[in-house]
Amino acid sequence: MIKEIIKTFILFLIIYFWFILESSYLPFLTFFSFLLIFVVLINLFEEPQGRIGLFSAFMTGLLMDIYSSHHIGLFAVSFSLFSLLLKFILSKYVRMGSFSWLPKI
Amino acid sequence: MNSVITKKRILALVFLIGCFLIINAFFKDGLKNFFYSKAEQLQASLWNKGSEEYFSKKNQEELNKKLIEENQKLLSELAGLQGAREENETLREALGLNLQKDFDLVLGKVISKDILSDSVLINIGLNEGVKKGFPVILSGKALLGKVIDVYPNYSRVMLITQKGNNIDVEIPDAESFALSKGEGSLKSSLDMFPRDKELKEGSLIVTSALGGNYPSGLLIGKVKNVKKLDNEPFQLAEIEKVFDLSTISNVFVIKVAEIYND
């Protein structure tokens, strides 16, 4: 349980600093988000039962809510739903290799 | 039930939605302000660093900033002169009443840009007297945007290029009014310019007081790529911005006597 909490916290820190970097440093270089691409890729390639994709989608959404003019929770909930839906479709209808070496939470 | 969509996950999501509803109702601004204050220093230094990196040669960077600021000043002066040439003193007194308004400027710094939209966060807010709807300009009277959200120490500014941000503008060169339409991705276009008038490349575009959204005479940009299509009732053009987001550091919020319409 404690291990899971520590892993989730580390994931949050990585996503938080990545987000800060993108919103303050990278707007000069690019107009798309590497973080969003990362979240989609993780959700695509993680094992369907894994939770990293879901957690990273939720955390990224939450940070986007905080650092935008939207209501808090709008992106967090929609990204989480998107992650769940994607995993559901992939597990049920698509046969695709997943990265089993990804750390699990 | 599927192993992905479990009862536990659905319950957790419902619980989170409930929490978010409570947060939005009571703690939204406070929570946002807390997060902004914790990351402000890091964000401000990253913003400056990014600005320096963008112009690879450090010596050129300062020179570029100065030249851009100077250019903005000259362009706004030029726009003012063009307008003044067309009006006599009596008309100016009658039409330019809002120029008489005495507004204060509050200096702020940009600390981050929203990833998904054209809006930036600045480090002044309610405590400095900023209110929703206040226009935000750069040195040289170039319009950056408008305050859309205010927190105790921070404000969010919607840039003129934000999708759906329509501004009534004037082209003093052509003695005509038009509409500046935000296209998103730091681009904006000119619309509703009458077909029967000549729209020249490079003409200056300034805000008009007609729409009641912004004070008049603030510089928006220059006309670029004019299109006069047969099937369009108006002439269209692109707007060349007078600011580069990468060079912006300091901004001024105009504390207007009255809040302009949304």
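Helices (H or I, at least four residues) and strands (E, at least two) are DSSP runs, numbered from the N terminus. On that basis, chain B has 5 helices and 12 strands, while chain A has 4 helices and 0 strands. The model is a predicted one, in which local features need pLDDT of at least 70 and side-chain atom pairs count only at pLDDT 80 or more, whereas totals for chains, interfaces and linings use all residues. Residues are numbered from 1 along each chain as its sequence is written, and chains are lettered from A and ligands numbered from 1 in the order in which they are written.

## The two chains

A residue is termed buried if 20 or more other C-beta atoms lie within 10 Å of its own, exposed if 12 or fewer do, and partly exposed in between, with C-beta atoms placed from the backbone. Of the 262 residues of chain B, 34% count as buried; for the 105 residues of chain A the share is 37%. Two residues are in contact if their C-beta atoms, again placed from the backbone, lie within 7 Å. In chain B, residues 24 or more positions apart account for 60% of the contacts with a separation of 6 or more. In chain A, 55% of the contacts between residues at least 6 apart in sequence join residues at least 24 apart.

## Helix packing in chain A

Along the sequence, chain A follows the pattern α-α-α-α. Two packed helices are described by the angle between their axes and the distance between the axes. Here an axis is a line fitted to C-alpha atoms, for helices over the stretch in contact, and angles run from 0 to 180 degrees between N-to-C directions. The axes of α3(A) (residues 52-66) and α4(A) (residues 74-93) come within 7 Å and cross at roughly 155°. The two helices α3(A) and α4(A) are therefore roughly antiparallel to each other, a term for angles over 145 degrees, as against under 35 for roughly parallel, 65 to 115 for roughly perpendicular and the rest for oblique.

The crossing of α3(A) past α4(A) is right-handed; that is, the near helix is turned clockwise from the far one by less than a right angle, an anticlockwise turn being left-handed. Residues of α3(A) in this contact include L54(A), F58(A) and L62(A), and those of α4(A) include F75(A), F79(A) and F82(A). By class, the contact of α3(A) with α4(A) has 11 nonpolar, 6 polar and 2 charged residues. In this classification Ala, Val, Leu, Ile, Met, Phe, Trp, Tyr, Cys and Pro count as nonpolar, Asp, Glu, Lys and Arg as charged, and the others, Gly among them, as polar.

## The contact between the chains

The contact takes 38 residues from chain B and 27 residues from chain A. On the side of chain B that touches chain A, α1 (7-26), α2 (28-54), β1 (104-113) and β4 (142-150) each supply at least two residues. The most come from α2(B), with 13 residues. This side of chain B has 19 nonpolar, 11 polar and 8 charged residues.

## Strand pairing in chain B

Two strands pair if DSSP finds at least two bridges between them. The table lists pairings of β1(B) and β3(B).

| Strands | Bridges | Sense | Opposed residues |
|---|---|---|---|
| β1(B) and β12(B) | 6 bridges | antiparallel | L105(B) and I254(B) |
| β1(B) and β2(B) | 3 bridges | antiparallel | K113(B) and V120(B) |
| β3(B) and β4(B) | 4 bridges | antiparallel | I137(B) and L143(B) |
| β3(B) and β12(B) | 2 bridges | antiparallel | V136(B) and V253(B) |

A hairpin joins β1(B) to β2(B) through 5 residues. Another hairpin is formed by β3(B) and β4(B), with 3 residues between them, and G140(B) in its turn has a positive phi of about 90°.

In a regular strand the side chains alternate between the two faces of the sheet. From β3(B) (residues 135-138), P135(B) and I137(B) point one way and V136(B) and L138(B) the other way, and all are buried.

## Positive phi outside glycine

L186(B), a residue other than glycine, has a positive phi near 60°. L186(B) lies in the loop between β7 (176-184) and β8 (187-194) of chain B and is partly exposed, with 18 other C-beta atoms within 10 Å. N225(B), which is not a glycine either, has a positive phi of about 50°. N225(B) is found in strand β10 (residues 219-227) of chain B and is exposed, with 12 other C-beta atoms within 10 Å.
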